[in-house]
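Student: I should like to take a close look at a single part of this structure. Please treat it in one connected account.

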Amino acid sequence: MMIFFIFVVIAISSPTHAIYSSTLSLSLQGHAFQPQYGVQLIFNKTAHSRLLCSAACSQDPSCRSFDYDPSSHRCRLFEADLTNGAIIAMASQTSIVGSVILSPSLYASMYNQSCSACRENRYHTCSSTTSTCQCPGNSYWNGSMCPLQLFENAACSQIDACRSDLNLSCIINSYGEFTQCSIGSTTDEVISTTYGMISTTDEVISTTDGMISTTDEVISTTNGMISTTYGMISTTDEVISTITSMVSGNTIAFQRSITIVS
């Protein structure tokens, strides 16, 4: 798909930043933007020109993509980009898609700085809690820029990477690794479960030690039984010896008895 670039410059009344600009990439005509989720549509209005539609996107910090159809003057803004949306072919041959081009250079010099550094800047917002420049809503700091937060089942690599407004959390597995965005389970619950597993493991080990100790006692008892058995065998030998002597004595007595009768 061929793409060319335009610059949209919006005048603002900030003494620090007289103007700021957004760089947009435009698709070929005959295409529209398809978000992955309906919640990503910011608004669907009319605009008298493609320039006005792109300017509306540039002025909205949450807008990452837009599409415009000059035949109907439809202008749609999306809180989505090509990581969670797609450019698709349309029946209308005049519809076009625009995407805001982002780069680390737009963030590095301002992120976490005093709010005076990012006043009227579309790429940052002033945090009322810290009074510093932070990522706009539904985006997160990944160390170099502010990508959009992720939706359910998307792979995540840090705790704030998922859409918290949709009750999504980046789940941590039993190995302490971030896995995917999901509803419900929190990090604390996972950690608590992990500690529970460790505690249970300790109990299993303790029980195993007890079983080993019991096994030693069984072996000791078995050895005692074997020793007793050998004693019984020895006693049996004595009994057999005695019985043999008795039988031998009886035989002699019997023979003597026969001799007397004769």
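Student: Which residue does a disulfide join to Cys 53? Please describe that link and the strands beside it.

Tutor: This is a predicted model, in which local features need pLDDT of at least 70 and side-chain atom pairs count only at pLDDT 80 or more, while totals for chains, interfaces and linings use all residues. Residues are numbered from 1 along each chain as its sequence is written, and side-chain values use heavy atoms, with hydrogens and water left out.

A disulfide (a pair of cysteine sulfur atoms within 2.5 Å) joins Cys 53 to Cys 75, with an S to S distance of 2.0 Å. The pair links distant parts of the chain, 22 residues apart: Cys 53 belongs to helix 1 (residues 50-59) and Cys 75 to strand 6. Helices (H or I, at least four residues) and strands (E, at least two) are DSSP runs, numbered from the N terminus. The link of Cys 53 and Cys 75 is right-handed, with 85° about the S-S bond. Both Cys 53 and Cys 75 are buried; buried means under 20% relative accessible area, exposed over 50%, and partly exposed in between (1.4 Å probe, protein chains only).

Cys 75 also leads to strand 5, as the bridge partner of Tyr 68 in strand 6. Strand 5 and strand 6 (residues 74-78) pair in the antiparallel sense over five bridges, where pairing requires that DSSP finds at least two bridges between two strands. Four residues lie between the strands of this hairpin, in which His 73 takes a positive phi near 65°. Strand 5 also pairs with strand 8 (residues 96-100), in the antiparallel sense over four bridges. There, Tyr 68 stands opposite Ile 96.

Five of the five residues of strand 5 (residues 65-69) are buried, so this strand is largely enclosed by the rest of the structure. Ser 65, Asp 67 and Asp 69 point one way from strand 5, and Phe 66 and Tyr 68 point the other way.

The link of Cys 53 and Cys 75 may be set beside others, for the count comes to seven disulfides. One of them joins Cys 135 to Cys 146, also with S to S 2.0 Å. The torsion about the S-S bond of Cys 135 and Cys 146 is about -75°, so that disulfide is left-handed. Another is formed by Cys 162 and Cys 181, their sulfur atoms 2.0 Å apart. With a torsion of about -85° about its S-S bond, the disulfide of Cys 162 and Cys 181 is left-handed.
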